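User: Please take a close look at the sheet in one chain of this model and describe how its strands are arranged. After that, place it in the wider context of the chains.

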Number of protein chains: 4
Amino acid sequence: MFQLDYMDHRPLYEQIKEKMKVLIISGVLKPNERVPSVRDMAQSLTINPNTIQKAYKDLEQEGYIYSIRAKGSFVTPINNKIHQARIGGLMPEIDKLVSELAYMNFPKEQLVSRIEEIYGKKEEKND
Amino acid sequence: MFQLDYMDHRPLYEQIKEKMKVLIISGVLKPNERVPSVRDMAQSLTINPNTIQKAYKDLEQEGYIYSIRAKGSFVTPINNKIHQARIGGLMPEIDKLVSELAYMNFPKEQLVSRIEEIYGKKEEKND
Amino acid sequence: MFQLDYMDHRPLYEQIKEKMKVLIISGVLKPNERVPSVRDMAQSLTINPNTIQKAYKDLEQEGYIYSIRAKGSFVTPINNKIHQARIGGLMPEIDKLVSELAYMNFPKEQLVSRIEEIYGKKEEKND
Amino acid sequence: MFQLDYMDHRPLYEQIKEKMKVLIISGVLKPNERVPSVRDMAQSLTINPNTIQKAYKDLEQEGYIYSIRAKGSFVTPINNKIHQARIGGLMPEIDKLVSELAYMNFPKEQLVSRIEEIYGKKEEKND
DNA sequence: GTGGTCTAGACCACC
DNA sequence: GTGGTCTAGACCACT
């Protein structure tokens, strides 16, 4: 499904979280679809299952997946309540980044058009 | 100047970096203005000078301050070459955040107006 | 693996960096091979682990090694992206040296043959 | 004559040495021409005269200038004996740089042509 | 057991 | 007095 980058300084579970998010956001994994089991993913990445467990637990808290005991984990459908909390946590981060870019005279127009583009891709998928 | 939060899980030098960035971005510390010496800040925060040194060194690499041996540390004037590299490193982060917000159906208009606001504050200062 | 020269005026971590670079460039340490752990090297040189850490961190920034928490440090395979940046930083240095040699009437042919020789050794290793 | 860069981490006298070398190598300062007095340069750069003194002393040792008591300092004519020693000291540095570039697969041809160019400029001046 | 962070206290080069 | 380097010894996060 994906590979780990050992050059990356973040903990492995952070990388796994990110890769999973990309798969979900990009639509490769669709709402209510089953994601690989902890054991399978641990085996295919040849790392400790605890590391996967930790990543899945975080993803569940951030509203990306939900798990059903003895059945597996599944992609959370959008517009879930939990997403609102997640969005609230994301706003300070985006503020920080934008302030930094503004300070360094990064053109606002360029930033906005970048956002338009990302939102545009999403629209396409929804068609 | 500011206080540290010992409940925060991040390393102290990360917190110091963040607080300093806010002071610089918000214009409290102006370009070429002198920032507190390593020793002074260590004393006022009652932590070890090495921790400050580490924070200052990182801030220097990210283009926020520059240090001169035996003279002190100063705020880097904007439009410095090093800022371009920093901006390059920031773009993937902003892309990731925006993708996440788009996925969660956060309204694009709200995001753009938030950006307008932050850039607006900057304009005011420049007046 | 190597010894430190306490008569040398440079900081210890600079010496360590240089020796490590020689080992890597000469091929004694091969790509993706593990280098001694921070603690082991500190013990074998009878200096403080922090000094090694500093050297390793710098070597990582210059593209010679990469570190994985809880796993160890390893030699970076060549043709990595980070090398391009490093090369860019090296060019002004080489220009300065060559200008100086040219000014002192050091024969160009001798300089070029010296370069041929160094590149030649590299070819041999690749065979 | 030139300006100091306080962003540069090297000691001031190192920068002064480098700038003076450039002036001499580029031919702006000609053999046996008088270089600015310690006092004048200290005044124009608004730094401590000791710093200039240190730079001049080093330049003399490296064969770039010679000083006559009560008369001032002058540019050393080329092909002086002292230059041979300097060249000897430069060779290990160039070897180190070239090894590093070779290791990172920097094309030999590109390096050689760069050298040709630098030597070429020197020829022009001698015409 | 590994790399990363932190403290306390020291010395050095530079200006 | 300033930033930079170093030591000794400790604790933490991660695998």
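Analyst: In this predicted model, E2(B) runs antiparallel to strand E3 of chain B, residues 72-75, and the two are joined over 4 bridges. Within this pair, B:Tyr66 has B:Phe74 of E3(B) standing opposite.

The pair belongs to an open sheet of 3 strands in chain B, ordered E1-E3-E2, with antiparallel pairing. Strand E1 (34-35) and strand E2 (65-68) of chain B are the edge strands; each has a single partner strand, so one side of each has no neighbour in the sheet.

A helix also packs on this part of the chain. Helix H3 of chain B, made of residues 49-61, lies across E2 and E3 of chain B, and its direction makes an angle of about 120 degrees with E2(B).

Beyond the sheet, chain B meets chain A in a contact that takes 27 residues from chain B and 28 residues from chain A. On the chain B side, helix H4 (81-103) and helix H5 (108-126) each supply at least two residues. H4(B) gives the most to that side, with 14 residues. By class, the side of chain B that touches chain A has 17 nonpolar, 4 polar and 6 charged residues.

As for the partner, chain A is divided into two domains: domain 1 covers 12-75 and domain 2 covers 81-126. Taken over C-alpha atoms, the centres of these two domains of chain A are separated by 24 Å.

Conventions. Residues numbered from 1 in each chain as written. Chains lettered and ligands numbered in written order. Predicted model: local features only at pLDDT ≥ 70, side-chain atom pairs only at ≥ 80, totals over all residues. Pairing = 2+ DSSP bridges. Contact = placed C-beta atoms within 7 Å. Axes fitted to C-alpha atoms, helices over the stretch in contact; angles between N-to-C directions. Domains from an automatic or database assignment. Nonpolar A, V, L, I, M, F, W, Y, C, P; charged D, E, K, R; others polar.
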